[in-house]
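Student: Could you pick one part of this model and take me through it slowly? I'd like to see how that part sits in the whole thing.

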Amino acid sequence: MNIDWSQLVTREMKEQAKPTQNLAVVIAESAKRRAVAYASIAPLQDAVDINDTTVAEIALLKAWKKYRVALSRLPEQAGYPSNIDWPTAPN
C-alpha cells in the first residue's frame, strides 16, 4: 500500500480554509436574499412606473429597497464575514 502524502489534509490546513469557506457561505446567502429582494421590488417598481400604486405599496417598495441596500453593505460590517448582522426582510 502506497500513501500519497500530497493528499494529506492537516488540522492546520482545515483551519486556514475556514475563512474562505465561511466567505463562500455568506456570499451565497447574500445572493439568495438579494434575489428575493429583486423579485419583490420588480412588480412594486412596475406599479410606480405606471402610476398605479397604493400608499402601502410605495411604503413596501421603499422598505425592500432599504433592505437591498443593507445587503449590499454587509462587507462594511465589522467582523465580516465571520460575524454578520443580517438585515430583516420586509413583510
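Tutor: Let's start at A70, which is partly exposed, with a relative accessible area of 28%. On that scale, buried means under 20% relative accessible area, exposed means over 50%, and partly exposed is in between, with a 1.4 Å probe and protein chains only. Before going on, the ground rules: this is a predicted model, where local features need pLDDT of at least 70, side-chain atom pairs count only at pLDDT 80 or more, and totals for chains, interfaces and linings use all residues. Residues are numbered from 1 along each chain as its sequence is written, and side-chain values use heavy atoms, with hydrogens and water left out.

A70 lies in helix α2. Helices here are DSSP runs of H or I with at least four residues, strands are E runs of at least two, and both are numbered from the N terminus. Look at what A70 faces: its C-alpha is 6.5 Å from that of P87, although the two are 17 residues apart in sequence. L60, also in helix α2, has a similar story to tell. Its C-alpha is 8.2 Å from that of N91, with their positions 31 residues apart in sequence. L60 is partly exposed too, at 27% relative accessibility. Leaving out residues up to four places away in sequence, L60 touches L44, P90 and N91, where contact means heavy atoms within 4.5 Å.

Now go to W64. Setting aside neighbours within four places in sequence, W64 is in contact with V36, A37, S40, I41, L44, A89 and P90. W64 is also part of the largest nonpolar core, a set of 10 residues made up of V26, A37, I41, L44, L61, W64, Y67, L71, L74 and I84. α1 and α2 (55–72) are the elements that give two or more residues to this core. A nonpolar core is a set of buried Ala, Val, Leu, Ile, Met, Phe, Trp, Tyr and Cys residues joined through side-chain atoms within 4.5 Å. As a rule of thumb, nonpolar side chains tend to be buried together in soluble globular proteins.

Next, cross over to S30, which sits in helix α1. S30 counts as buried, at 7% relative accessibility. Not counting residues up to four places away in sequence, S30 touches L71, L74 and W86. The side chain of S30 also makes a polar contact with the side chain of R34, at 2.8 Å. A polar contact is a pair of N or O atoms within 3.5 Å; within protein, one must be able to donate a hydrogen and the other to accept it, and residues adjacent in sequence count only if both atoms are side-chain atoms.

Right beside S30 in your sequence view there's some charge pairing. E29, K32 and R33 are linked in a network of salt bridges, a salt bridge being a side-chain nitrogen of Lys or Arg within 4 Å of a carboxyl oxygen of Asp or Glu. The count by this rule is 2. In the K32 to E29 pair, the closest N and O atoms are 3.5 Å apart; for R33 and E29 the figure is 2.7 Å. K32 and E29 are separated by about one helical turn, because they are 3 residues apart in helix α1 (residues 11–49). R33 and E29 are 4 residues apart in helix α1, again about one turn. K32 counts as exposed at 51% relative accessibility, whereas E29 is partly exposed at 23%.

Two backbone spots are worth a click. N51, in the loop between α1 and α2, has a phi near 55°, a positive value in a residue other than glycine. N51 is exposed, at 72% relative accessibility. In the segment after α2 you'll find P81, and the peptide bond from Y80 to P81 is cis, with omega near 0°.

Finally, zoom out. The protein has 2 helices and 0 strands, and its C-alpha trace spans about 75 × 30 × 15 Å along the principal axes. Its radius of gyration is 21 Å, while a compact globule of 91 residues would be near 12 Å; the radius is taken over C-alpha atoms, and the globule rule is 2.2 Å times the number of residues to the power 0.38. Of the 91 residues, 18% count as buried. Among contacts between residues at least 6 apart in sequence, 54% join residues at least 24 apart.
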